[in-house]
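Let's walk through this structure together, moving from the whole chain to its helices and then to single residues. Keep the viewer open as you read.

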Amino acid sequence: PVCSMGNSTSRLYSALAKTLSGSAVSQHQDCLEQPDSARLDPIDPKDLLEECQIVLQKRPPRFQRDFVDLKKNAASNHRPIRVMQWNILAQALGEGKDNFVQCPMEALKWEERKCLILEEILAYKPDILCLQEVDHYFDTFEPLLSRLGYQCTFFPKPWSPCLDVEQNNGPDGCALFFLKDRFELINSANIRLTAMKLKTNQVAIAQTLKCNETGRLFCIAVTHLKARTGWERFRSAQGCDLLQNLKSITQGAKIPLIICGDFNAEPTEEVYREFSNSSLNLNSAYKLLSPDGQSEPPYTTWKIRPSGECRHTLDYIWYSQHALNVNSALGLLTEEQIGPNRLPSFNYPSDHLSLVCDFSFNQDPDRLL
C-alpha cells in the first residue's frame, strides 16, 4: 500500500509513490541495466520537496546548517560549483546489519527515510552530487534525479554486503550525479580498486566534465574505501590505486580534480597522508573550517552500536588547491543537534553527515603547480 500524500492529485504523486516500495525491483536481475528516464517529464524541485514534506509531516523538522564563507577576497567571474558528498546509509545495511542500537526501526523505514535524504539534497541544490551506499539507485535516485536535470551514473560493489540481507534491493555502490545544463560529460571511468595487485570489492567513478559557463575542464571522482579497523594497509593500497588512476585521468594534475568519498579512515591513517602528500597537490576542503585551516572536523559520523559509541572523521572532499578555490563549506551538525542517541535518527537519515562545498576556478589557470 502506498501512503497518502494529502488531497492534491499532484503529477508528482506517481513519481514518488513508485519509489515507496522496492518490490518492482526486488528480484533485481536487471539491476545493472540503465533505465530509460529520458522520456519522463521534468519535475519541479519545489513540487518534489513539498511531496517529501507531506510524507515527513510527523517527523521533527530538518536541522538548520549554515554555510561558512571561506573566500579570501578571491573574486570569481563565474557561478560557484556546489559539490555534495554523502554516505546515505544503504537501506539493507541500516535495517539488517549495522545494529544502530539507539535508533528505533521506525526511523529507518525507507518510505520516510528516502524523503529525508531527498529533502536534504533539494535543500542544498548541489550541481554535483556524490553518494555512497546507494542501494535504491534504480527505483528512487535515478528516476527522480534524472527528472530534476541530473545525469546519473552508478557503479555497484561486486560483492555488496547488502546482498546478504533478506529482501534486499540489490547491491549498494557509488553514484555520481551532475546537472546537465551546467556541465558536459567528456569522459567517464568506472574504477574497481585494487590492493596488492588484487581486485577488491571497493569502487570509484571518475568523470571529466566541461563547465559550460567557463569552458574549463575538471575531474570529479567519488569513492568508498574498505571499512573496519585492521584494514588500514588495505585502504592505503586502495588509495594508492585510486591516485594512480586519477593521475592518468587528469594528465598529472593538468585537469583540476575534486574527490569525494567515505575513506573509512581517520586523518591519522596512511591513506590520508597519501592524499595530502600526493603529486596531484590536493587539500581537504573541510580543513578550512578549522581556526588554523589545518585540522579536520572532529567527526563526520557518530553512531552507537552494540560495541559502543563510534565518533569518527571518515568523509572528505579533496580538491586541487592550485586550480580551485573553496568559496564556502556547510557547517556540521553540533553534538546538541545530533542528540544523545546519535545517528541515524528521526531527524537525520544517515549515520554520516553530508558535506557540501562551493568551488570556483582559480583565475590564473596557468599558474605553476
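The expected span of a helix is 1.5 Å times one less than its number of residues, and helices and strands here are DSSP runs (H or I with at least four residues for helices, E with at least two for strands), numbered from the N terminus. Helix α4 is a good place to try this out: α4 has 15 residues, and the distance from its first C-alpha to its last is 21 Å, close to the 21 Å expected at 1.5 Å a residue.

Before going further, a word on the ground rules. You are looking at a predicted model, in which local features need pLDDT of at least 70 and side-chain atom pairs count only at pLDDT 80 or more, while totals for chains, interfaces and linings use all residues. Residues are numbered from 1 along each chain as its sequence is written, and side-chain values use heavy atoms, with hydrogens and water left out.

Now the overall picture. The protein chain has eight helices and 15 strands. Of its 369 residues, 57% count as buried, where buried means under 20% relative accessible area, exposed means over 50%, and partly exposed lies in between (1.4 Å probe, protein chains only). Contact means heavy atoms within 4.5 Å. Among contacts between residues at least 6 apart in sequence, 78% join residues at least 24 apart.

Back to α4, which is mostly covered, with 13 of its 15 residues buried. What does α4 pack against at an angle of about 35°? The partner is helix α5 (residues 137-147), and the two axes are 12 Å apart. Axes are lines fitted to C-alpha atoms, for helices over the stretch in contact, and angles run from 0 to 180 degrees between N-to-C directions. The crossing of α4 and α5 is right-handed; the near helix is turned clockwise from the far one by less than a right angle, whereas an anticlockwise turn would make a crossing left-handed. On the α4 side the contact uses Trp110, Lys114, Ile117 and Leu118, which meet Thr140, Phe141 and Leu144 in α5. By class, this contact has five nonpolar, one polar and one charged residues. Here Ala, Val, Leu, Ile, Met, Phe, Trp, Tyr, Cys and Pro count as nonpolar, Asp, Glu, Lys and Arg as charged, and the others, Gly among them, as polar.

Helix α4 (residues 110-124) also meets helix α2 (residues 45-55): their axes come within 9 Å and cross at roughly 145°. This crossing is left-handed. From α2 come Pro45, Leu48, Leu49, Cys52, Gln53 and Val55, and from α4 come Glu111, Glu112, Cys115, Leu118, Glu119 and Leu122. The contact of α2 with α4 has eight nonpolar, one polar and three charged residues. An α-helix has 3.6 residues a turn, so residues three or four places apart point the same way. Just past α4 comes Lys125, with a positive phi near 50°.

Next, look at helix α6 (residues 232-249). Its 18 residues should span 26 Å at 1.5 Å a residue, and its end C-alpha atoms are indeed 26 Å apart. Its buried residues include Arg235, Asp241, Leu242, Leu246 and Ile249. The buried residues of α6 pack against several elements, among them β6 (183-195), β7 (198-211) and α7 (270-276).

Strand β6 holds Ile191, which is buried because its relative accessible area is 5%. Ile191 touches residues including Phe155, Val203, Leu242, Asn245 and Ile249. Although Ile191 and Asn245 are 54 residues apart along the chain, their C-alpha atoms are separated by 8.1 Å.

Finally, some backbone details. Most residues other than glycine have a negative phi, and most peptide bonds are trans. Gln251, in the loop between α6 and β9, has a positive phi of about 55° although it is not a glycine. Arg228 has a positive phi of about 90°; it is found in the loop between β8 and α6 and counts as exposed because its relative accessibility is 53%. A cis peptide bond, with omega about -10°, joins Leu343 and Pro344, and Pro344 is in the loop between α8 (335-338) and β15 (355-361).
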